[in-house]
Amino acid sequence: MRVTRRAAAAATAAAMLLLTACAESERGDGGDDDAGADTNATLVFGTEGEIKSLDPTWASDGVTMRVARQIFDTLVMLEPGTVNIVGGLAESWESDETGTVWTFHLREGVTFHDGTEFNAEAVCFNFDRWHNLPPGVAQNPDMTYYWQVFSGGFANNEEGRDDLREPNYVSCEAPDPLTAVITLDHPSATMPGLLVLPCFAIHSPTALQEYDADAVSGEADAPEWPPYATEHPTGTGPFKFESWDQAAQEVTLVRNDDFWGEPATISRLVFRAIPDENARRQALSAGEIHGYDFPSPADWEALEADGMNLEPRDPVNLLYVAFTQESNPALEDLRVRQAIAHALDRQGMVDAVMPEGAEVATQFTPPLLDGWSPDVPTYDYDPDRARQLLADAGYEEGELELDFYSPTDVTRPYMPNPQAIFDLFVSDLEEVGIVVNQVQEPWTPEYLSHVQNGEADLHFLGWTADYPDAYNFIGTWFAGYSPQWGFRDDEFFERMAEAESEPDQATRYSLYEQLNAEIMEFLPGVPISHTPPAIVFAPNVTGVPASPLADERFNTAQVASS
Amino acid sequence: MARFIVRRLLQLIPTLFGLSILLFVWLRALPGGPETALLGERGTPEARAAIREQLGLDQPIYIQYIRYLRQLLELDFGTSTQTRRPVLEEFLTRFPGTLELAVVAMVIAIAAGIPLGYLAARRRGGMLDSLVVGGSMIGIATPVFFLAFVLKWIFGQNLGWLPTIGRQTPGINATHVTNLFVLDGILTREWDAAWDALVHLILPGVAVASIPFAVIVRMTRASVLEVLGEDYVRTAEAKGLTTRVIRGRHVLRNALLPVVTAIGLLAGALLSGAVLTETVFAFNGIGRFVYDAIRNADYPVLMGFISFIAFTFVMINLLVDISYSIIDPRVRVR
Amino acid sequence: MTAEPTQQDPTQHPTQDAVDSGASRGLSTQPRPPGPFGQRRAERIDRLAELAATPPDERGESLTRETFKRLRRSPMAIAGSVVIAIFVVIALVGPLLTPPPAWLSFLPLYGPTAEVGLDQIRPGHIPGNSADHWFGLDHLGRDVLSRMLFGARTTLLVGVVATMIGFTVGAAIGGLAGAANALGGRVGRWLDTTLMRGIDMLLAMPPLLLAFSVAAVLGRSLLAVMIAVGVAAVPFFARLLRGSMIAQAHRDYVLAASSLGVRRPQIVLGHVLPNSLAPVIVQATLTLATAIIEAAGLSFLGLGNPDSRTPEWGTMLAQAQNQLSVRPELAIYPAVAIIITALGFTLLGEAMREALDPKLRR
């Protein structure tokens, strides 16, 4: 296992070099009459919301992470454009046989933006910082969600919080300046994949201390940020922070000329919040921004026709319709669940609503991840069979009544147009004689809290991978009882736990495959689709490979001066 | 004069009192009760208990009301569940944008409305008159946000004449002092920044101006018609004064008095317009913030906004009364 | 003029009555010459109220007949009536035709929620109009013409129910205040003042924002939209009915009736109220126009009817925002329909007001 990891890292590093080489030669070929890349260029990227803070420790939203990815680096990173884990601030890493002692060999000659040297001490300072965050608002699940996913708790857990466990993180040591050893209590599927998230970015210890990074107060709803999180984020990444203009909703970064990797071509990078999707598209057409995330599938064709560089990402996400069995006893009958699965015209919906490259899901794991099983029970669109199954279960036309919940005014990468999907599925269900009570609520707080508390009979939800592992999907839903699904199967939950802590990767993946087949047999919900989210750039912007996990860095971006 | 103002200020007290009761009832009527509305349903039981304590929900209703009144006086509307910052702070950051937009819209409405209304009245029943009257009726029948889309589509996207997004060109490196971007540009002598901000205001400004324009145009027209029929105009004509003098000194001046004094009252149209328009142009003002707040069930922001509107209107009424009493002393007698 | 003296503003500029009126509601605040707080919008309404009390002119024809005569000659009124007639016919017949009965099955119409052309829809690609679909398809393959026809009824329903809510509640408040003022001595006057203070406060608010506050409390449903838009119209009706009743109360026939010993409630119900109705009808017509526009505005703001399967023009327009770059027609059809309909009600309302008001007739 150790060997494979290192080899993988080496191989991907080589591939990266090749890739850049190709890209460069392409540029060389095509760019004779172009003025070529402009090293003074400013790139403006439209984001769907405003950042919450500049310290990704507190982040769980995509916008904050996107900005943080430009300023900070993590120990391990994703190879651009793929789900492969490669070296970042750590050139290589290994774990012992128990999967609890992880040694990271760090990159040499890296400095933080404030001139502080990057070394193992700095790594351990960061991990210890997260581990020792004080009880109170800093330990709120909305504030440090991913640390809590990673470690389960803190050195000093807040009292009265049953959701916090003994921390899995034990210690970090620095035997020499270029080696950091992280010890865990028990093996976990999150290691090292979760560390690609900017929440685990390494900050300058000097700046963290100088600007009181941990001094967050107030309520989790409205934290009062320390100066570090609003004015002084200090990392090792390709861009340095310049300003955050809250009136114009813009964050401006400038090139870090001392970046350890390939320094950015562009000199300034601006993130501008444009919450409305149509407005983002129009801003791009008008040349006011150079790119934005998650263009609506309805716009793909038009954008490409305008010469925009639209890059669909490989889908590592899932949209599903969940049954909440406790909410409606009818759903405890497998035949009813099967009937609903057969009633939904998933292919028709995918064709009409989802972008090119989307596919109907067969199970609760996207095919790009290991652990996806080629052999699971499937449920094709078949309204007659659905009617038959309902009749067998004792429900004649119009006798089964279900509350179907749908969110309003939201788009997610896995769900570009919930209203349309909902309308189609309601028609499908009515077609087989089910009476549907439509309940449409704002995404937060009503919708999410209602469906997660198990108040809906049927509802939509989805997931985009945080880190490339099938457990990030099935583990999120079926590792134990949750009101959202409303069923208990302790024997099944136990086998999920076994799979999660299996140190051997190959064994783990085959366990996932079995579990996936079993889940589809039991049918706790209907997996709907995997949707490629896209990122789009202006015609003169190239060089940013779309990442399936939305992990794009802009140091490779080229803005052709026109 | 002073007595009149004092009396008007005293009259404010029962009005504001009535308003605060309405707002209090409104907050209590929100789905899930005030604590859910203010916290969002993510609120932990502790946070919920804390806010119940803070609002005094276990206390008798009049004590709750007094607490609420105190918070209102302290301008404490809680924190936005979207941005997690205090509502007041959010409003203060965004208000300059809306103010700028409103001023530009008003300027457009007046600059176009008064001359057109005047001309229409001079040639009553003519081509221009029918156009102006018909146009203003269509303007009023058109949903403002649709007009905004059309303007944006034609002038922004198809013709490419004007920017359609935001308050300034991204990355323009402008210094902000007051957050009124045009004024900032002038104050700091960054002329290009001032120009840039001004150009960004034109399309949304025109959209917001549509209804005030329609109102002003018809008001001016009616008013001029009325004055033209007055005896003194005929007397002036009989005296052989030149048309120019008659128009300038008598007709326009007298006809514009009601128009000008009523302009302050168009604030409502401007605010409604801003709420419907800012989103279309991704313009970062109060209107767009409220639009997002609706979509995210951000009740603290909605409550703050409604309090803000109510208060603004009471104040505008007061100012108009006072200013009118200066122009027309007869009012003071009442 | 017999308008009640307590409310008539002595400073009122002579022209203000003549000023625009369609704009009075809708998304605008009506400008009025100043007076005490909350009364500026009120004064325009009061003017309308007075009209009911205008004595018949010299020829001795009744006000109603006179008005009708004038309306028949007004191109505005004719245009408005034609538009409204067409709209009402579509609203009545439309849902019967979607889907069409067997004997009309040659018409290219379908059920409003039937996804007949789903297989032709791809993201970013919606077919335009064709022989099978005269207005084309929407983003879920539903026939737009069918949805427009069916949606006319929902749209009319929103307008009518909202206006009725506004009228009923407004009339109750205004009627109470008016009756109290006209007949009730000191207590009556106190009641009248209190009620009207509250109403004037509401009148000072922009109607859309008032509707918006109500919708935020009620949550999202078609009924909530109707109530919200209706509540926003309440202050207008209240003010109007009160003014109208007070104006009537000062008419000679009331004096005559009461001196003949007719009981007061009987005078109010039997004479004052029926005679006050003309301006209310004018206001109701104008309210119908603004109700439809305001409902569209609420849909745009995300406070409209969440059920996008049942077609309603405002919802259709708000929904079409997402397809603007693909098929702008999807927004244009409902928008034009809303504009024309609102214009129809505005034209008729304006014409009626003009016909009623001798001042506007010159």
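This is a walk through a predicted model, stop by stop, with something to select at each one.

Before you click anything: residues count from 1 along each chain as its sequence is written, chains are lettered from A and ligands numbered from 1 in the order in which they are written. Because the model is predicted, local features need pLDDT of at least 70 and side-chain atom pairs count only at pLDDT 80 or more, while totals for chains, interfaces and linings use all residues.

**Stop 1: the open sheet in chain A**

Colour chain A by secondary structure; helices (H or I, at least four residues) and strands (E, at least two) are DSSP runs, numbered from the N terminus. Select the strands β10-β11-β12-β1-β13-β21-β14 of chain A, in that order, and you have an open sheet of seven strands with mixed pairing. Pairing here takes at least two DSSP bridges between two strands. At the edges sit β10 and β14 (309–312) of chain A, each of which pairs on one side only. Neighbouring strands in this sheet are turned by 20° against each other on average, direction ignored; angles run from 0 to 180 degrees between N-to-C directions, and axes are lines fitted to C-alpha atoms, for helices over the stretch in contact.

Now zoom in on β1(A). Five of its six residues are buried, where buried calls for 20 or more other C-beta atoms within 10 Å of a residue's own, exposed for 12 or fewer, and partly exposed is in between, with C-beta atoms placed from the backbone. β1(A) pairs with β12(A) in the parallel sense over six bridges, and two bridges join β1(A) to β13 (residues 291–293) of chain A, also running parallel. Which residues should you pick to see this? Gly46(A) has Arg272(A) as its bridge partner in β12(A) and Tyr292(A) as its bridge partner in β13(A). Add Phe45(A), which stands opposite Gly291(A) in β13(A).

**Stop 2: the helix against the sheet**

Select residues 62–71 of chain A. This is helix α2, and eight of its ten residues are buried. Among them are Met65(A), Val67(A), Ala68(A) and Ile71(A), and also Arg66(A) and Arg69(A). What do they pack against? Show β1 (42–47), β10 (239–245), β11 (250–255) and β12 (268–273) of chain A. The contact rule is that two residues touch if their C-beta atoms, placed from the backbone, lie within 7 Å.

**Stop 3: a covered strand**

Jump to residues 525–530 of chain A, strand β20, where six of six residues are buried. Strand β15 (residues 317–323) of chain A is joined to β20(A) by four bridges and runs antiparallel; pick Tyr320(A) and you'll find its bridge partner Pro527(A). β16 (residues 359–360) of chain A also pairs with β20(A) in the antiparallel sense, over two bridges, with Glu359(A) opposite His530(A).

**Stop 4: where A meets C**

Bring up chains A and C together. The contact takes 25 residues from chain A and 23 residues from chain C. On the chain A side, α7 (277–285), α8 (297–305), α10 (346–353), α12 (418–431) and β18 (434–442) each supply at least two residues. That side divides into eleven nonpolar, eight polar and six charged residues (Ala, Val, Leu, Ile, Met, Phe, Trp, Tyr, Cys and Pro count as nonpolar, Asp, Glu, Lys and Arg as charged, and the others, Gly among them, as polar).

While you're there, label Gln419(A), in helix α12 of chain A. Gln419(A) counts as buried because it has 22 C-beta neighbours inside 10 Å. For a distance check, draw a line from its C-alpha to that of Pro263(A), 156 residues apart along the chain: 43 Å.

**Stop 5: chain C**

Hide chain A. Chain C has twelve helices and zero strands, and 61% of its 362 residues count as buried. Among contacts in chain C between residues at least 6 apart in sequence, 70% join residues at least 24 apart.

Next, select α11 (residues 313–320) and α12 (residues 329–356) of chain C, which pack at an angle of about 145° with their axes 8 Å apart. Contact residues include Trp313(C) and Leu317(C) of α11(C) and Leu330(C) and Ile338(C) of α12(C). The full set divides into ten nonpolar, one polar and no charged.

Last click: Ala211(C). In the largest nonpolar core, of 358 residues, Ala211(C) and Ala228(C) touch the most other members. Such a core is a set of buried Ala, Val, Leu, Ile, Met, Phe, Trp, Tyr and Cys residues joined through C-beta atoms within 7 Å. Not counting residues up to four places away in sequence, Ala211(C) touches Ala228(C), Val229(C), Val231(C), Ala232(C), Glu294(C) and Leu298(C).
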